[in-house]
Amino acid sequence: MGEGRGRIPARWRSAGRALLRVITVWAVSTLTLLALAGLLPDFQLQSPDGDSVTRTALTAAWGAGAFGLLGALVWPLIVRALLLVPALVLGLLVFFLNGSLLLVALWLIPDGRGAADPETAVVVAAVMSAVASATSTALAVHDDDAYRRRLYRLTDRTRRRTAHGGAEPVPGTVFLQLDGVGHRVLCDAVAAGRMPTVADWLATTHALTSWRTDWSSQTGASQLGILHGSNEDVPAFRWYEKDTGRLMVSNRPASAVELQRRAVARTGDGGLLTLDGASRGNLFSGGADQLALVLSMAARRGRRNRSRSGYFAYFSDPANAVRTAGSFVAEVLREIVQSTRARLRRDTPRVSRGGLYPFVRAFATVVERDVVVAAVMGDMLAGRTAVYADLVAYDEVAHHSGPQGPDTDQVLERLDRAIALIAEVAEHAPRPYRIVLLSDHGQSPGETFASAYGLTLRELVRVGCGLPVPRRVGRTPWGHPRTEPGGAASEARDAARDALRSVLHRPVDDQGKDEAEAEAEAAAVAAARAPEPIVLASGNLGLVSFPGVPHRMTREEIDRLHPALLRTLAHHPGIGFLLVASEEHGSVVLARDGVEVPVTALTEGPEAAEGYGGAADGPLAVFGPGAAEAVRRTDGFPHVADIMVNSMYDPETGTVHAFEEQIGSHGGLGGEQGRAFLMWPRELSAPPEDLVGAEQVHQVLRGWLREGHGPQVPLEISPPNGRTEALLPVDGPALPDKNG
């Protein structure tokens with residue numbers, strides 16, 4: 001009895017503080033409404049004949065109260081009804097929906113004293129939501145209980161009790177993937193003071209190392225290996241499968257779900273997050289039962305499995321919606337300004353950044369970041385054991401602005417603030433959390449292949465095959481300043497010229513061949529024409545497949561079908577090397593100046609490679625340690641392309657040539673794209689000194705989850721129900737703060 005009476009005053013005090021905050025927010029909103037009515041001519045809170053100050057204040061208070069109630073009660077229903085609307089469109093609708101709620105609130109004012117034009121209502125509603133959110137946050141800063149309740153509300157959680165008898169909870173683990181942030185980029189950002197949170201962790205609690213990616217240095221291969229323990233048979237970001245006739249693209253839902261299915265079947269394990277885990281913003285689920293914005297789930301039918309449904313809980317708070325929508329618009333304008341400056345400065349290299357790109361960038365750097373961060377916060381407040389989240393902002397911007405520069409510097413600063421926010425929320429979680437930072441790959445800078453040489457990889461392949469190409473390709477410079485005439489490269493140029501003459505039906509240079517001879521050559525090529533090759537690009541990695549041939553073609557078969565193709569590709573100055581099967585040697589690496597090295601010789605050491613160039617001084621040496629092993633592994637994939645094409649790499653400048661429109665690229669070998677990072681709390685065991693491949697990273701992360709019996713002793717696992725996978729961030733209420 002006495003204990004019960006002791007708790008009642010505390011509850012009343014808490015209720016009193018909550019009521020005081022509500023009244024304060026209402027009062028500030030009322031003053032804001034009055035101020036806006038005085039500033040905006042199309043916004044009225046008085047009757048046409050005028051009202052007293054008291055009457056006007058009461059009208060403003062009524063309008064502010066009605067707008068607040070509508071935001072709390074009606075807004076979540078509106079957002080839920082719009083789950084089928086694409087997230088990008090929903091973000092743009094936020095302002096107009098909020099303005100509509102304000103018009104309804106003004107209509108509810110007695111005697112019709114509130115009125116505003118629709119355009120003005122949008123502005124007033126945005127300001128009102130922002131002011132109310134800022135006021136509520138400011139009032140909660142010095143009240144720990146209020147602050148925690150606000151966090152729960154922002155992440156759609158409510159507190160619940162748990163019966164653990166005061167036992168020390170085992171730590172949970174949060175893995176934050178900074179997509180595309182290479183090891184050197186992270187170190188440079190820390191040294192320059194752009195990431196103070198990361199710098200503080202490295203100085204006090206965390207350790208950092210780099211890890212080497214597979215040949216396919218891109219998110220699809222890396223994240224599949226990290227989350228599911230196997231990225232076998234993922235040769236690139238996109239590839240063609242002859243046995244199924246399917247074009248696989250890692251960031252398409254149908255491809256992602258198939259890749260995840262294959263990985264699970266290969267390993268016999270659900271993934272890194274199978275026990276009490278959450279997957280946020282990833283390509284794959286990792287076996288988690290709590291999902292939001294996971295691409296491999298987007299292909300599943302049914303309302304609760306739609307990937308966009310993860311936006312509901314975040315946008316159900318109008319303050320969140322308005323803040324994110326405002327930041328979205330600001331990011332669009334920022335991109336337009338930055339791209340305009342780049343054009344005016346004549347920055348090189350440079351790619352087009354018009355069309356829809358400003359909106360795509362804003363979605364990646366603002367909307368997805370905000371939703372994923374809120375999801376992680378909710379997972380921690382719910383006591384989830386393991387969380388893996390991908391923040392894609394840097395990767396998206398670096399593709400179009402370059403891996404290093406003022407544009408990406410700003411993104412890194414904002415990522416650091418997001419990390420700091422997650423760390424702050426972890427202090428209020430029901431269990432301690434170990435936060436691990438990592439990346440899936442880096443990025444290498446460089447002018448695009450098309451910009452540097454005047455034709456795309458697809459056009460170069462068509463030239464080598466004698467297929468039609470645009471006439472502008474005839475003006476492509478085939479020579480190279482460092483190539484001596486008369487060698488193998490000269491022969492390749494001659495072969496390319498011959499093929500080019502044929503497909504253009506005209507001479508390319510003044511070598512004395514008349515139009516009749518060119519037409520005869522064109523007719524011969526057309527008569528022997530085979531099904532056109534499929535040419536795909538994955539950063540600076542290209543794949544050439546011949547769909548008319550059911551098996552992987554050998555070098556000898558390709559030479560018989562298209563005699564100039566391999567020479568044209570191998571001796572082009574923008575290409576580093578080719579991988580192609582061979583009837584004589586199994587598989588070979590081809591490069592400029594007639595270099596031809598069997599893959600087995602590359603991986604068996606200099607003695608085996610003697611006479612071929614060898615790995616030590618052969619065509620792969622410039623690509624760094626591990627390149628030969630990465631090529632050998634990919635050569636064994638069932639769906640490796642007929643011709644694998646890796647661009648050149650200049651070790652002095654660190655540049656490559658992307659076969660896509662990207663000046664910061666990844667996907668192949670060469671430079672920083674293959675050097676990702678891993679940063680972990682020092683209380684965890686250190687990973688191997690030489691960390692190679694995403695599959696090995698998976699083993700390290702799995703080992704960390706086992707330390708301290710983390711995943712084996714979850715605080716609580718909520719059974720799946722009708723809302724699982726449908727709401728963000730997690731299913732079920734939050735657990736009490738570990739700090740009490």
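This dialogue works through several features of a predicted model, from its overall make-up to a few single residues.

Student: Before we begin, what kind of model is this, and which residues and atoms count in it?

Tutor: It is a predicted model, in which local features need pLDDT of at least 70 and side-chain atom pairs count only at pLDDT 80 or more, while totals for chains, interfaces and linings use all residues. Residues are numbered from 1 along each chain as its sequence is written, and side-chain values use heavy atoms, with hydrogens and water left out.

Student: How many helices and strands does the protein have?

Tutor: Helices (H or I, at least four residues) and strands (E, at least two) are DSSP runs, numbered from the N terminus. In this protein there are 26 helices and 21 strands.

Student: What share of the protein is buried, and how much area does the protein expose?

Tutor: A residue is called buried under 20% relative accessible area, exposed over 50%, and partly exposed in between (1.4 Å probe, protein chains only). Here, buried residues make up 56% of the 740 residues. Accessible areas come from the Shrake-Rupley method with a 1.4 Å probe, and for residues only the protein chains shown count as cover; the protein exposes about 30,600 Å², of which carbon and sulfur atoms supply 57%.

Student: What percentage of contacts join residues at least 24 apart in sequence?

Tutor: Contact means heavy atoms within 4.5 Å. If one takes the contacts between residues at least 6 apart in sequence, 73% of them join residues at least 24 apart.

Student: How many salt bridges does the structure hold, and which residues take part?

Tutor: A salt bridge is a side-chain nitrogen of Lys or Arg within 4 Å of a carboxyl oxygen of Asp or Glu, and the structure holds 29 of them. One of these joins the side chains of D409 and R194 (3.2 Å, N to O). D409 lies in helix 16 (residues 406–426) and R194 in the loop between helix 7 (183–191) and helix 8 (196–204), so the pair ties together parts that are 215 residues apart in sequence. Another salt bridge is formed by the side chains of R280 and D379 (2.7 Å, N to O). That pair also links distant parts of the chain, with R280 in strand 7 (residues 277–280) and D379 in helix 14 (residues 357–381), 99 residues apart.

Student: Are R280 and D379 buried or exposed?

Tutor: R280 is buried, with a relative accessible area of 0%, and D379 also counts as buried at 0%.

Student: Which residues are joined into one network by salt bridges that share partners?

Tutor: Let me first give a further pair, R369 and D370, whose closest N and O atoms are 3.0 Å apart in a salt bridge. As for the network, salt bridges with shared partners join E331, R334, E335, R353, R361, D407 and R414.

Student: Where is Q177, and which side chains make polar contacts with Q177?

Tutor: A polar contact is a pair of N or O atoms within 3.5 Å; within protein, one must be able to donate a hydrogen and the other to accept it, and residues adjacent in sequence count only if both atoms are side-chain atoms. Q177 sits in strand 3 (residues 172–178) and is buried, with a relative accessible area of 0%. Its side chain makes polar contacts with the side chains of D390 (3.1 Å) and D440 (3.2 Å).

Student: Where does D440 lie, and what else does the side chain of D440 meet?

Tutor: D440 lies in the loop between strand 10 (433–438) and strand 11 (444–445), and D440 is buried at a relative accessible area of 0%. Further polar contacts join the side chain of D440 to those of T219 (2.5 Å) and H441 (3.4 Å). The C-alpha atoms of D440 and G182 are separated by 8.3 Å, although the two residues are 258 apart along the chain.

Student: How far from D395 is the nearest side chain of opposite charge?

Tutor: For charge, Lys and Arg count as positive and Asp and Glu as negative, while His and the chain ends are not counted. D395, found in helix 15 (residues 393–401), is buried yet has no salt bridge, and the nearest side chain of opposite charge, R238, is 11 Å away. The side chain of D395 does make polar contacts with the side chains of Q443 (2.7 Å) and H666 (3.3 Å).
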